[in-house]
Every structure is written in structure tokens, then in C-alpha cells.
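Please look through the sequence and the model shown below before reading on. The report then moves from the chain as a whole to a few chosen places within it.

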Amino acid sequence: MRIISGQYKARRITAPKKLPVRPTTDMAKESLFNILNNHFYFDQISVLDLFSGTGNISYEFASRGTQDITAVDAHYGCIKFINETAESFEMDIATIKSDVFKFLEKSQQKHDVIFADPPYEFPTEEFAKIPQLIFKNDLLETDGLLIVEHSKHTDLSHLEHYSHSKSYGGNMFSFFSVATQSETD
């Protein structure tokens with residue numbers, strides 16, 4: 001994987017093969033950040049990276065100037081890799097080793113962007129828990145976005161706060177926002 005843009009543009013990052021991860025493809029990541037670039041000033045936002053795996057998304061935000069980044073993953077090896085990589089690049093990424101659902105139950109901090117990349121084999125009910133917990137616990141800023149990455153075989157369009165999806169090969173990003181729900185009330 002590589003960093004697409006920003007201070008560390010074109011830097012390659014190689015994760016250990018033993019990590020249980022499926023990093024977002026460079027093509028899908030580049031397309032996602034082109035969308036986000038039209039919505040946010042990266043140096044002024046708070047980002048929560050759930051199921052962060054290798055930290056691929058966190059590094060991209062940090063490279064573009066985001067200072068407030070929290071990466072959450074349950075796997076010790078993933079958290080260790082993110083910490084080591086962030087330190088080598090001098091990126092300020094806070095890591096939390098936790099089950100994502102337990103973290104979301106207890107968290108009280110709001111974020112402008114919440115990115116979740118759970119295992120593609122999750123049943124739809126598990127995917128649905130992510131926006132449910134985030135909106136129930138009011139973790140997204142009013143103008144913020146929740147982005148859930150999933151396979152094209154998973155449909156999240158029926159969930160509350162769903163806005164739209166974008167497809168890139170086998171990858172899909174479903175977008176959720178606070179405004180989406182209030183527009184339908």
C-alpha cells in the first residue's frame with residue numbers, strides 16, 4: 001500500500017503478512033479522498049478510524065495534515081504496527097486496542113469523519129450496529145460523515161442516516177450523515 005497524497009505522498013508501507021487485514025485498495029482510497037477533499041479541510045477535523053487494520057486510512061489523513069486521529073482495532077499486532085509506522089513517519093495517531101462495538105458503546109468524543117472498515121464477511125446485522133451505535137451515542141459532528149467500507153454484496157441503503165454509496169471495483173463506501181435523517185423528518 002502507498003500514501004496517495006500530502007506530506008508523505010508516494011511512500012510505500014508494507015504490513016507484516018501475519019496481520020488479519022485487507023487494506024483499502026489505492027484506487028478506492030484515492031477516490032474516497034477526492035470526495036472528502038471537497039467536504040473538509042483536513043487540518044481542521046477529527047478522525048476516528050474503526051477496524052483500522054494496518055492504519056492505511058489513518059496514515060492518509062495524517063499525510064494530509066489531520067492532527068486529531070484515533071485508530072481502533074481489536075488485534076494487538078495491528079495496533080503495534082500502526083504505532084511503529086506512525087512513530088517512524090512522526091505522525092500523531094492515537095491508537096486504542098479494543099473491540100470496536102465496546103469502544104463505540106463507551107466513547108463520548110465527537111468526530112468529523114468516522115471511517116469503518118469491518119471484515120467483509122460480517123453479516124448485515126453487524127454492519128448495521130456501526131451506524132446505530134454512532135448515531136445513538138451522538139459521536140458524529142453535525143456536518144460530519146460516517147463512511148463504512150464493505151463489499152458490493154452488502155447493502156446498507158436501508159439503514160437510518162444512510163445518504164449514498166460509491167462503488168470502486170469490489171469495494172463500496174456507504175456514506176451516513178446526521179443531516180440525512182433530519183431531512184426526512
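The accessible surface of the protein chain amounts to about 9,100 Å², and carbon and sulfur atoms account for 46% of it. The model is a predicted one, and in it buried residues make up 54% of the 185 residues of the protein chain. The mean positions of its 18 positive and 26 negative charges lie 8 Å apart.

The secondary structure of the protein chain consists of six helices and seven strands, which follow one another along the sequence in the pattern α-β-α-β-α-β-α-β-α-β-β-β-α. Because the radius of gyration is 15 Å, close to the 16 Å that the globule rule gives for 185 residues, the protein chain is as compact as a globular protein of that length. The C-alpha trace spans about 45 × 35 × 30 Å along its principal axes, and of the contacts between residues at least 6 apart in sequence, 66% join residues at least 24 apart.

How is strand S7 placed with respect to the rest of the structure? Six of the six residues of S7 (residues 171–176) are buried, so this strand is largely enclosed by the rest of the structure. In a regular strand the side chains alternate between the two faces of the sheet. In S7 both faces are covered, since Asn-171, Phe-173 and Phe-175 are buried on one side and Met-172, Ser-174 and Phe-176 are buried on the other.

Strand S7 pairs with strand S5 (residues 140–151) in the antiparallel sense over six bridges, and Glu-149 has Phe-173 of S7 as its bridge partner. Six bridges also join S7 to strand S6 (residues 162–168), and these two strands run antiparallel; here Ser-165 has Ser-174 of S7 as its bridge partner. S6 and S7 form a hairpin with two residues between them, and Gly-169 in the turn has a positive phi of about 65 degrees.

Most residues other than glycine have a negative phi. The table lists two residues for which phi is positive although neither is a glycine.

| Residue | Phi | Loop between | Relative accessible area |
|---|---|---|---|
| Phe-51 | near 55 degrees | strand S1 (46–50) and helix H2 (56–63) | 16% |
| Asp-138 | about 55 degrees | helix H5 (124–136) and S5 | 42% |

Is Phe-51 buried or exposed? With a relative accessible area of 16%, Phe-51 falls under the 20% limit and therefore counts as buried. Asp-138, at 42% relative accessibility, lies between the limits of 20% and 50%, so this residue counts as partly exposed.

Definitions and conventions:
Residues are numbered from 1 along each chain as its sequence is written. This is a predicted model: local features need pLDDT of at least 70, side-chain atom pairs count only at pLDDT 80 or more; totals for chains, interfaces and linings use all residues. Side-chain values use heavy atoms; hydrogens and water are left out. Buried means under 20% relative accessible area, exposed over 50%, partly exposed in between (1.4 Å probe, protein chains only). Helices (H or I, at least four residues) and strands (E, at least two) are DSSP runs, numbered from the N terminus. Two strands pair if DSSP finds at least two bridges between them. The radius of gyration is taken over C-alpha atoms; the globule rule is 2.2 Å times the number of residues to the power 0.38. Contact means heavy atoms within 4.5 Å. Accessible areas come from the Shrake-Rupley method with a 1.4 Å probe; for residues, only the protein chains shown count as cover. Lys and Arg count as positive and Asp and Glu as negative; His and the chain ends are not counted. The place of a charge is taken as NZ of Lys, CZ of Arg, CG of Asp or CD of Glu.
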